Amino acid sequence: MLGLMQSQQLLISSLIEFAERHHGEGEIVSRRVEGDIHRYTYKDMAVRSRKVANALEQMDLAFSDRVATLAWNGYRHLELYFGVSGSGRVLHTLNPRLHPDQIVWIANHAEDQVLCFDMSFLPIVKAVHSRCTTIKHFIALCDADQLPADTGIPGLQSYEAWLGAQSSTYAWPSFDENSASSMCYTSGTTGNPKAALYSHRSTMLHALAGALPDALSMSARDCVLPVVPMFHVNAWGLPYSAAMTGAKLVFPGPAMDGKSIFELIETEKVSFAAGVPTVWQMMLGHMQAGGLRFSTLKRTVIGGSACPPAMITAFNDVYGVEVLHAWGMTEMSPLGTVCTLKNKHLTLDSAEKMKVRLKQGRGVFGVDMKIIDDEGKELPWDGKSYGDLLVKGPWVISEYFKGEGSAPLVNGWFPTGDVATIDPDGYMQITDRSKDVIKSGGEWISSIDVENIAMAHPAVAMAACIGMKHPKWDERPIIAVVKKPGAEVTRDELVAFYDGKTAKWQIPDDVVFVEAIPLGGTGKMQKTKLREMLKDYQLPTV
């Protein structure tokens, strides 16, 4: 017997309809590429999203055709989020930090039909447009008077002129909620990038779960700053959860330096911000140099890579901002776990509480996880057993777009490529990427743990641990370090800094000082490139 409930498809268009009807006055603030601040409401955004849909209809795009964006976080990008997916097309967010050759490969692989881009990225588009064989329409996200006279890009239109010719009346179509809504390519650290193809259903369920109190806890009382780019896994779903809850949205545009981010937080009274550790590192450096304090920021979610303990301590103890450690993947839409504390942890002393906060957190409802050994046997949740982390859920991919790469599922579970432990309370902790784990004399050394200790040193701006071949121990860790401007620390001083903080056999054998550690398009350290940089390095002989 079936339940006697109304049947309604879970579609992204329902978010913008709900936002317009129930909190249309809610504010959306954007720092624009033009340099000024733009303000409008959810109602304004809904009107312009319908114009986007009408403009796409005029282009005679087929259902599920891909519309690409090359854009910063801003109101025009947000309109495309809803106008493209709501009309039944697929939003494809391109990462402008990738090499132009990769952008060309991805656009052709996705078979993008339209490219909408911020003027910051005009040089990129001029360099690649002739090689993007499927793109028929180019739209510059600007006013008509800001469009250069001769760009060499055929048929280039300004976004405002494109929308200005359209009616604001549009009936959002109804279709199968399992239809594709958006796509995002992995960063392609090994081989060509692969695309996760999200559905309307998966996006809606992810938005609901992300807004839960023990996840990102979003509400109409929040002012949210997504520093995480909208081209990086749909800004972790924050634009969708914000439209669902009515939270005020603040977009930073291209100004991602510490000073600009801090000023935006203070000016717009941001209560909740989200980004990767490298962004917050720049902002904390700016604040410390100027003796600055937050007046409204209450919490920040940090993901993309492990958050160093020193950063958690600075936010929590110095500035009174709660840090929510989170973890996920492009293949997971991306939210998997958030480190919100249980009641039993609130009364712990600061040292014990920090041990919990350093973990990536508990699974959000909708995501199940387990760890397995090399033979595929499930390991216990005892906080000690290390194993390969597998996940499943309604917003986890079943396969990659066009079947690229090997079939990802193992008996219905997606192998994340991470090595982790899970404790009896369900808190998961990433100890390494499976390809980055260091095995020394048959024992595992977590590169993340080694990095976190180095990052606690006052002279260290960034640190990356990699394993180097060793004739006796198979591998031994070394640490590559970028020093803070004006700071000095020697190799011996840094090695001595590890004393008493970890087992002696886990202390790195050497310190290599570098000008910069290579970062990928999403801000993660690229250890493959670091290894290439150090290919001629030799471990010191004892």
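Let's start with a cluster of rings: Phe262, Trp280, Phe294, Phe315 and Tyr319 together make up one aromatic cluster. Keep in mind that this is a predicted model. Two members of that cluster are worth a look. The ring centres of Phe294 and Tyr319 lie 5.8 Å apart and their planes meet at 70°, so the pair counts as edge-to-face. Phe294 sits in the loop between helix H10 (277–290) and strand S13 (299–302), while Tyr319 sits in the loop between helix H11 (309–318) and strand S14 (322–328), so the pair ties together parts that are 25 residues apart in sequence. Are these two residues buried or exposed? Phe294 has a relative accessible area of 12% and Tyr319 one of 10%. The cut-off for burial is under 20%, so Phe294 is buried, and so is Tyr319.

From Phe294, follow the chain on to strand S13. Here Arg299 and Val301 point one way, Thr300 and Ile302 point the other way, and all of them are buried. S13 runs parallel to strand S12 (residues 272–275), and four bridges join the two. If you want to find the register, pick Ala274: its bridge partner in S13 is Val301.

Now for another part of the chain. Seven strands form an open sheet with mixed pairing, and their order is S7-S6-S5-S3-S4-S8-S9. The strands at the edges are S7 (157–158) and S9 (195–199), each of which pairs on one side only. Further in, strand S3 (residues 66–70) and strand S4 (residues 90–93) run parallel and are joined by four bridges. Thr69, for instance, has Thr93 in S4 as its bridge partner. Helix H4 (residues 100–110) packs on this sheet, where it touches S3, S4, strand S5 (112–117) and strand S8 (180–185). The direction of H4 makes about 155° with that of S8.

Next comes helix H7 (residues 200–210). Eight of its eleven residues are buried, so H7 is largely enclosed by the rest of the structure. Among the buried ones are His200, Met204, His206 and Gly210. What covers them? The cover of the buried residues of H7 includes helix H1 (13–23), H3, S8, S9, H8 and strand S15 (335–338).

Two of those covering helices, H3 and H8, also share an aromatic pair: Tyr81 belongs to helix H3 (residues 75–86) and Tyr240 to helix H8 (residues 238–245). That pair links distant parts of the chain, with the two positions 159 residues apart. Their ring centres are 5.6 Å apart and the planes are at 35°, so this pair is tilted. Both Tyr81 and Tyr240 are buried. Across the whole structure, a search turns up eleven aromatic pairs.

Finally, step back to the whole chain. The protein chain holds 16 helices and 25 strands, and its C-alpha trace spans about 75 × 65 × 50 Å along the principal axes. A compact globule of 542 residues would have a radius of gyration near 24 Å, and the chain's own value of 24 Å agrees with that. Buried residues make up 59% of the 542. Of the contacts with a separation of 6 or more, 67% are between residues 24 or more positions apart. As for the outside, the accessible surface comes to about 22800 Å², with 52% of it belonging to carbon and sulfur atoms.

Note on methods
Residues are numbered from 1 along each chain as its sequence is written. This is a predicted model: local features need pLDDT of at least 70, side-chain atom pairs count only at pLDDT 80 or more; totals for chains, interfaces and linings use all residues. Side-chain values use heavy atoms; hydrogens and water are left out. Two strands pair if DSSP finds at least two bridges between them. Contact means heavy atoms within 4.5 Å. Axes are lines fitted to C-alpha atoms, for helices over the stretch in contact, and angles run from 0 to 180 degrees between N-to-C directions. The radius of gyration is taken over C-alpha atoms; the globule rule is 2.2 Å times the number of residues to the power 0.38. Buried means under 20% relative accessible area, exposed over 50%, partly exposed in between (1.4 Å probe, protein chains only). Accessible areas come from the Shrake-Rupley method with a 1.4 Å probe; for residues, only the protein chains shown count as cover. Rings of Phe, Tyr and Trp (its six-membered ring) pair if their centres lie within 6.5 Å; planes under 30 degrees apart count as stacked, over 60 as edge-to-face and the rest as tilted.
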